[in-house]
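Colleague: Could you walk me through this model before I head back to the bench? I would like to start with the overall build and finish at the surface.

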Amino acid sequence: VFRAGGELNYYGNRSGKLLNRGGSLWFRYGGALQSWFYTRGDRSREVYNGLAFDQSSFDVQAGFRPTADFRIGLFSRFGNRIDYANTRPGNRILLNPSIGYNMGRHLRLTLDHTFERFTVNGGRLYTANISQMTAVYQLNIRTFFRSILQHVDYRRNTNLYTFSIAPEDRRFFTQFLFSYKINPQTVFFLGYSDNYLGNQTYGLTQNDRTFFVKLGYALVM
């Protein structure tokens, strides 16, 4: 199955001054093994902090399921982007591969990684790497357990920033959650999470831990 489309947009403030205008074209293909491919090109002009920036970007997404229980996917983006922190043009590369696997009827595992590199006139501004693993065990229609492990790593070129910022930041986050649906309107949650922080002077060190209990109720009108 092949599809294509496009769009044009214009956004202004109440006085009629331009905020953002642009256009895009996209193509999508779906094939065997539940495979799919999507690409999109964007061109725009955005006004930020009183300056106008011309931007163009290109997205490529793809994925497939070699088996009913296993999937592989990739999202990528290349092109211009505003460095909003320093009000200047820049270029970004974003890659986000992911895999998912269903182990039997109850356990679902997902692993994904995000890599981002941002460059400006003068060189690399920063790189970011974010890895996350999620496991969900669906005991029955009412009950599930979920765990999340996430590692974040930022590396910055401080000479290219217009303000003071740390050259490195690292974080490791964990969360464990138990959920039980008491009835269609009421859900009980019990969980635990913690954060480990680190930078260029010290390694990952536990910063906090949280135990929480929550009872959610959906009011039907």
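Colleague: How many helices and how many strands does the protein have?

Modeller: Happy to help, and please keep in mind that this is a predicted model. From the N terminus on, the elements run β-β-β-β-β-β-β-β-β-β-β-β. The count is therefore zero helices and 12 strands.

Colleague: Is the protein a compact globule or more spread out?

Modeller: Along the principal axes, its C-alpha atoms fill a box of roughly 55 × 55 × 45 Å. For 221 residues the globule rule gives 17 Å, and the radius of gyration, at 22 Å, is well over that. So the protein is more spread out than a compact globule.

Colleague: What share of the residues count as buried?

Modeller: Buried here means under 20% relative accessible area. The protein exposes about 14100 Å², with carbon and sulfur atoms supplying 57% of that area. Of its 221 residues, the share that counts as buried is 27%.

Colleague: Which residues make the nonpolar surface patch of about 480 Å²?

Modeller: Good one to look at on screen! To join such a patch, a residue needs over 30% relative accessible area. The patch of about 480 Å² is made by Leu33, Phe64, Ile72, Ile99, Leu111 and Met133.

Colleague: Why can Leu111 be called partly exposed, and in which strand does it lie?

Modeller: Leu111 has a relative accessible area of 42%. Partly exposed covers the range between under 20% and over 50%, so Leu111 falls into that class. As for its place in the chain, Leu111 lies within residues 107-120, which form strand S7.

Key:
Residues numbered from 1 in each chain as written. Predicted model: local features only at pLDDT ≥ 70, side-chain atom pairs only at ≥ 80, totals over all residues. Heavy atoms only, no water. Patch = residues over 30% accessible without salt bridge, like charges linked within 9 Å, V, L, I, M, F, W, Y side chains within 5 Å. Areas by Shrake-Rupley, 256 points an atom, 1.4 Å probe, with all protein chains shown as cover. Salt bridge = Lys/Arg side-chain N within 4 Å of Asp/Glu carboxyl O. Helix = DSSP H or I, 4+ residues; strand = E, 2+ residues; numbered from the N terminus. Buried < 20%, exposed > 50% of the residue type's maximum accessible area, 1.4 Å probe, protein only. Rg over C-alpha atoms; globule rule 2.2 N^0.38 Å.
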